Amino acid sequence: MLRTDINELLAQAGPGTPMGDLFRRYWQPVLLAEELPENDCPPVRVKVLSERLIAFRDSEGRYGLMDEFCAHRGVSLWFGRNEEGGLRCPYHGWKYDVTGQAVEVPSELASSNFCANVKLKGYPMAKRGDVLFAYLGDPAAQPPLPEWEAYTVPDGQVFTSKRLQECNWLQALEGGIDSSHVTFLHGGNLESDPLFKGSKGNEYNKGDLKPFFEVVDYEGGLLIGARRNAEEGMYYWRVTPWVLPNFTMVPPRGDHPVHGHFWVPIDDENCWAYSFDYHPTRQLTEAEVAAMRAGKGVHSANDASYRPLANKDNDYLMDRESQKHGENYSGIEGIALQDSSLQESMGPLVDRTKERLVATDAGIIKARQKLYKAVKALQDGVEPTGNRAKDQKVRSVAIVLPADQSFVEGIGEAMVAEPAKPHTSV
Amino acid sequence: MSHHDHDHDHASGPRSVPAGLSSCAEAATAKEAAYRIDYPLSAARNTRVVALDDEAERIVRSAALLDWGQARFFSITDPGEVLAEVGASDVPLDKVMTDTNTVVMVATSGENATAVAAIGDLARERGIMTAGLVVAPGALTSDALFHLRPHARILLVPAEEDDLIELLRATRA
Ligand code: FES
Ligand SMILES: [Fe+2]
């Protein structure tokens, strides 16, 4: 694959683009459930995969996601009245149900069947855990609802936040796959952040700053193993799964909740990072949830529209003192903003013809190649992986193994999510 | 973290104040990205690709047919001491490992473990980056993997044949 192809084929996910077609084979997070908190609440604008949509929750609690603009004269239904089982355009009163079907066109005679022929394009949307997922693709190819472990655990065991990132989704995803930046960029956070500190694994991290990597190809995507020296004859492994097309999970630390991300294209120059923390076997504690809400761990402190408070308009609150003294390697506070500030600084869509990749970028190189092959295969009628339960029931793992053992063999079933099964973490 | 915490943590530290054209908001736009200066990047990798067995040699030979900057391709002849350069003559390992900064080893079986160790030792001594591709079904438990593991900073397992080409292309070899 040539570098120009990456931007042309992989970065753009709008309707009718090759990558856009691939994305439209997956349920994607489009809202936090808190954005549609109750029946008949205000509708919310959603832009995803370069489509302008409106989401609402009707009087019976059904979720709808459809074309943002009224079929009559193109008014945004954001101004709509959400009432009595549908969303009504305030201009001339046309009313739509959650599927986008017009159910009332007041200007027509009561006996007319005009409205039966008016339908806004609509997509299925479903609540899983604290997130609303939608499927924007061909109904005939619709996969079953997502089975990510984070969204199948009991209430109280998961917390999801979202954050606007002002660059192309692929830049953000590549950051999630690029394990070699962690020692540098996030090195200062291991012991200061309440959601990471105190694990045995942190000591291995600090004891060996030059990890080796093994990138393992598996059906759903890649498993990226970062290996550090542990006790004599043993390795400490941190295993990051990437599942096609845009899901990554961070290896756990101690008994802390486990985190991961979806990198969801808004348009070609913006994406949402949906960042979750869950614990497979216990409720999140109040202190943990408070820390997550405050933007610790992989989360960020945001304004009401989910844009981080530290953003490019205030130079991400760059603190040169902290950069100099090493509390924060880049001078930016918090993992999430450390990543997004740098990824946004590349420009909304980085020019990959100017990259100088090195061998340790092999994970990124391989992921691009897998995306490219999935895009091409779909064009030939071959359905992708990553949208089936067996690909999604995956766990990240942190483990100490004998030096002569394959990490995949060593972690074995620990990689497979099962209800109430403790996770494997160091 | 909240803005408030931040102030609290570094009450005395001066914080950079966004300054016009030099601020992130101005700089990180598509329009400004167009002003990134344009000049040829030097292809200074001097990558060496080493096939560790016969099947690997087939893969390496076919990659060698493509157009590369400074990459050179080898197979093993006398374990540990001499390598055969594709389309050229034999070269002592010590020479192969001179003036290079990346060695990519390709294996499909567990042969030539001594050569792997010799390459690995020289690479460590001379600060040369090592990568390994294990192109083999069942690669996860193969000898090829275990021989390469101590000596390759990054391993692709299982790798596909075209991963070699992709890796070389992406690293401008
Ligand atoms: S060191 Fe990796 S982008 Fe600069
Ligand atoms: Fe990061």
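This report walks through a predicted model, from its iron site and main pocket to some individual residues.

Local features were kept at pLDDT of at least 70 and side-chain atom pairs at pLDDT 80 or more, while totals for chains, interfaces and linings use all residues. Residues are numbered from 1 along each chain as its sequence is written, chains are lettered from A and ligands numbered from 1 in the order in which they are written, and side-chain values use heavy atoms, with hydrogens and water left out.

**The iron site**

Let's start with the metal. Which residues hold the iron ion (ligand 2)? Its protein donors are A:H181 and A:H186, each through NE2, and A:D339 through two OD entries, at 2.1 to 2.2 Å from the ion. Donors here are N, O and S atoms within 2.8 Å of the metal (3.2 Å for Na, K and Ca), and sites may look incomplete because water is not among the atoms.

The angles among the 4 donor atoms run from 59 to 147 degrees, and the site is classed as irregular. That class takes whatever fails the other tests: four donors are tetrahedral if all angles lie between 85 and 135 degrees, and four are square planar and six octahedral if opposite donors are over 155 degrees apart and all others between 65 and 115.

Along the sequence, the donor residues follow the spacing H-x4-H-x152-D. Distant parts of the chain are linked here, with A:H181 in the loop between α3 and α4 of chain A and A:D339 in helix α8 of chain A, 158 residues apart. Helices (H or I, at least four residues) and strands (E, at least two) are DSSP runs, numbered from the N terminus. Both A:H181 and A:D339 are buried; buried means under 20% relative accessible area, exposed over 50%, and partly exposed in between, with a 1.4 Å probe and protein chains only.

**The largest pocket**

The largest pocket has a volume of about 650 Å³. Its lining counts 36 residues, and those closest to the centre are A:V182, A:H186, A:R238, A:V250 and A:R253. A:H186 is also one of the iron donors. A pocket is an open set of points on a 1 Å grid over the protein atoms alone, where a 1.4 Å probe fits, with protein on both sides within 12 Å along at least five of seven lines; lining residues have an atom within 4 Å of a point. Grid points are joined across faces, edges and corners, and the volume is the space filled by probe spheres set on the points.

Which element gives the most to this lining? It is α8(A), with 4 residues. Other elements giving two or more residues include α3 (169-177), α5 (200-207) and β15 (234-243) of chain A. By class, the lining has 15 nonpolar, 14 polar and 7 charged residues. Ala, Val, Leu, Ile, Met, Phe, Trp, Tyr, Cys and Pro count as nonpolar, Asp, Glu, Lys and Arg as charged, and the others, Gly among them, as polar.

**Helix α3**

Helix α3(A) is largely enclosed by the rest of the structure, because 8 of its 9 residues are buried. Among them are A:W169, A:L170 and A:E174. At the N-terminal end, A:N168 caps α3(A), with a side-chain oxygen 2.9 Å from the backbone nitrogen of A:L170.

**Backbone details**

Most residues other than glycine have a negative phi, and most peptide bonds are trans. The table lists some departures from this pattern.

| Residue or bond | Feature | Value |
|---|---|---|
| A:L244 to A:P245 | cis peptide bond | omega near -10 degrees |
| B:V157 to B:P158 | cis peptide bond | omega near -20 degrees |
| A:Y316 | positive phi | about 55 degrees |
| A:A420 | positive phi | about 65 degrees |

A:P245 lies in the loop between β15 and β16 of chain A, and B:P158 in the loop between β7 (154-157) and α8 (161-170) of chain B. A:Y316 sits in the loop between α6 (286-293) and α7 of chain A. Is A:Y316 buried or exposed? At 4% relative accessibility, A:Y316 counts as buried. A:A420, in the segment after α11 (407-411) of chain A, is exposed, with a relative accessible area of 62%.

Note on methods:
Polar contact = N/O pair within 3.5 Å; in protein donor to acceptor, adjacent residues only side chain to side chain.
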